[in-house]
Amino acid sequence: MLPRGRPRALGAAALLLLLLLLGFLLFDWRLRGAAALDGDPLAGPRDRNPSDCGPQPPPPPKCELLHVAIVCAGHNSSRHVITLVKSMLFYRKNPLHLHLVTDAVARNILETLFHTWMVPAVRVSFYDADELKPQVSWIPNKHYSGLYGLMKLVLPGTLPAELARVIVLDTDITFASDIAELWALFAHFSDTQAIGLVENQSDWYLGNLWKNHRPWPALGRGFNTGVILLRLDRLRQAGWEQMWRLTARRELLTLPATSLADQDIFNAVIKEHPGLVQPLPCVWNVQLSDHTLAERCYSEASDLKVIHWNSPKKLRVKNKHVKLFRNFYLTFLEYDGNLLRRGLFGCPSQPPSGAEQLQQALAQLNEEDPCFEFRQQQLTVHRVHVTFLPHEPPPSQPHDVTLVAQLSMDRLQMLEALCRHWPGPMSLALYLTDAEAQQFLRFVEASPVLAARQDVAYHVVYREGPLYPVNQLRNVALAQALTPYVFLSDIDFLPAYSLYDYLRASIEQLGLGSRRKAALVVPAFETLHYRFSFPPSKVELLALLDAGALYTFRYHEWPRGHAPTDYARWREAQAPYGVQWVANYEPYVVVPRDCPRYDPRFVGFGWNKVAHIVELDAQEYEFLVLPEAFTIHLPHTPSLDISRFRSSPTYRGCLQALKDEFHQDLSRRYGAAALKYLPALQQPWSPARGS
């Protein structure tokens, strides 16, 4: 949800801004103090980048649009670029236009993220990296970035012809200053200079790092291409494409490959055409590589502008000051991105898509309304990061099923058991803060069970607002499922070990799809014991049921939610059987992927699944109970929303209001057919209700 500008929210944001600025001042002071104490004899004035001195250029006009180009491919790079963008947005005072060269994976992730982030005065354009591959695929490259590490070479021909200037960044960059200050350095360019770069802060291009080390040609120490200022208009006029291609082909006659991707070719061109380059102050690319000499820069500089994690080890690089740099990076990694949805005062710009309608809807809310929290939460647009971790889509199979569920941080412990029970694909939406998302990442990396599963897609929906947006989470997970069918479950249920194979076989045998519109019901049970032996089959499950170790789901608190499944009939059933919809029915079902979405108005606790089953019935889905299928709910502490539902008459009154509105919408869509649901919608709910 976009900020509404309330004083308390502004005060919190201002305080965070002040703390971060103070933290960075301390960070810079400690770095320079540590370097002075270390007494580096090489860190004298003779090593200072000459462009550190002299008058600073004036900043660009207040509302000038700054253009930034980034090459980004794959799941991991898409995560890293978000930290870079956060640091840019934190300090920026100008509108930004991001030009993102991406593969299909990164585009899907970042397009969704920026659409839901709704940051004012930020435009995003995408360029297909696959279309650019033929232009660089002939170049042998040893760098871990692969072909994508060469694509900055083709930006002058890829970006719009009318675009004259652009800042080009690697994804492992963190800003510590306003990017407008970097843009202002274009003013230092002479009439012939077209490329702005910081000197390489290692001896790599001197060729003395190890025996037989033979780097590409460069001027002195060469230049690092993690931060580049490009005068695109001048490069085009100079015949840049022919220039770099001829240089690369000539050098590859005697060198086997590039070691540092585009950086080697940029340096070889600059060696041949030194008039193209404008050296930039070292503080605009403080390089933390394995053999870095960056201390010569930051021990003398008044402040740092950009930190570059240009080692394959990233945050694990060996550097005596790395802890200070790492803490600064982690500040933005875990920073709440919702706070960056602030506008630029005095800079009119096209609002993000849907922002005006959203603000109008928010303005119509009455903060004195007892249900204000519910109304506000329904209008909240959550940032969404789909496929947060590397994911391999399942091969296309006509009867395949994806398990769909949602969870928050307090249910992470369920994931390993779920992976053991369900060997098929899963699409899971996680409701997390930015900091919790990093804890989740570490949790998965530390788990051999989870780390081995590339067919589980995790989608982070960032937390905002007081109520749990359960159906919005379900819709995110459902929209990202890639198989023809989905099993709509909850995270605190463990399916039978054989359920995945059984469901696929049942879908085929029952002829579902275009020939038959059905929802397959998976009977639900529960145990009240935190430790119990999971039944391997229906026979063992019935034995536990008869022994009182298992119960039909919510038997003690809300039996009507699953009673229509007809458990007595299921005990003896040998074939699927049909059941009719009854008020408050909320089974767990298998349906086609294009089934109706969950109603997002139901936030917090209550009626979120029930409303979806009503929708299925209204669309004439047939409910078929599977005789060998089952899933078992494990005990856990009640959620905050359940506690509020049970203790607050106001909460329950707001839920009833949502039910009334839901029926009004049903009536508009289905006419008289919606009358059958009216008695169910009017039934009062007891505070003892359990699901």
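Which residues in α8 meet which residues in α9? In this predicted model, the α8 side of the contact consists of Trp-240, Met-243, Trp-244, Thr-247, Ala-248, Arg-250 and Glu-251, and these meet Ile-265, Phe-266, Ala-268, Val-269 and Glu-272 in α9. Sorted by class, the residues of this contact comprise 8 nonpolar, 1 polar and 3 charged.

The geometry of such a pair can be stated briefly. Two packed helices are described by the angle between their axes and by the distance between those axes. Helix α8 spans residues 240-251 and helix α9 spans residues 262-272; their axes come within 9 Å and cross at roughly 100 degrees. Angles of 65 to 115 degrees count as roughly perpendicular, and α8 is therefore roughly perpendicular to α9.

A second pair of helices can be read in the same manner. The axes of helix α2 (residues 74-91) and helix α11 (residues 322-333) cross at roughly 85 degrees and come within 8 Å. It follows that α2 and α11 are also roughly perpendicular to each other. From α2, the residues Thr-83, Lys-86, Ser-87, Phe-90 and Tyr-91 take part in the contact, where they meet Phe-328, Tyr-329, Phe-332 and Leu-333 of α11. This contact contains 6 nonpolar, 2 polar and 1 charged residue.

Tyr-91, one of the α2 residues in that contact, leads to another site, since it is among the residues that Asp-178 touches. Where is Asp-178 placed? Asp-178 is in the loop between β5 (173-175) and α6 (179-183). Setting aside residues up to four places away in sequence, Asp-178 touches Tyr-91, Arg-92, Lys-93 and Trp-284. The relative accessibility of Asp-178 is 9%; because buried means under 20%, Asp-178 counts as buried. A polar atom of the Asp-178 side chain also lies 3.0 Å from the backbone nitrogen of Ala-180.

The last stop is a strand. Why is strand β21 described as largely enclosed by the rest of the structure? Strand β21 covers residues 588-592, and 5 of its 5 residues are buried, so the strand is largely enclosed. Two other strands pair with β21. Strand β15 (residues 485-488) runs antiparallel to β21 and is joined to it by 4 bridges; within this pairing, Val-486 has Val-591 as its bridge partner. Strand β17 (residues 518-522) pairs with β21 over 3 bridges, likewise in the antiparallel sense, and here Tyr-588 of β21 is the bridge partner of Val-522.

Conventions:
Residues are numbered from 1 along each chain as its sequence is written. This is a predicted model: local features need pLDDT of at least 70, side-chain atom pairs count only at pLDDT 80 or more; totals for chains, interfaces and linings use all residues. Side-chain values use heavy atoms; hydrogens and water are left out. Buried means under 20% relative accessible area, exposed over 50%, partly exposed in between (1.4 Å probe, protein chains only). Two strands pair if DSSP finds at least two bridges between them. Axes are lines fitted to C-alpha atoms, for helices over the stretch in contact, and angles run from 0 to 180 degrees between N-to-C directions. Angles under 35 degrees count as roughly parallel, over 145 as roughly antiparallel, 65 to 115 as roughly perpendicular and the rest as oblique. Contact means heavy atoms within 4.5 Å. Ala, Val, Leu, Ile, Met, Phe, Trp, Tyr, Cys and Pro count as nonpolar, Asp, Glu, Lys and Arg as charged, and the others, Gly among them, as polar. A polar contact is a pair of N or O atoms within 3.5 Å; within protein, one must be able to donate a hydrogen and the other to accept it, and residues adjacent in sequence count only if both atoms are side-chain atoms.
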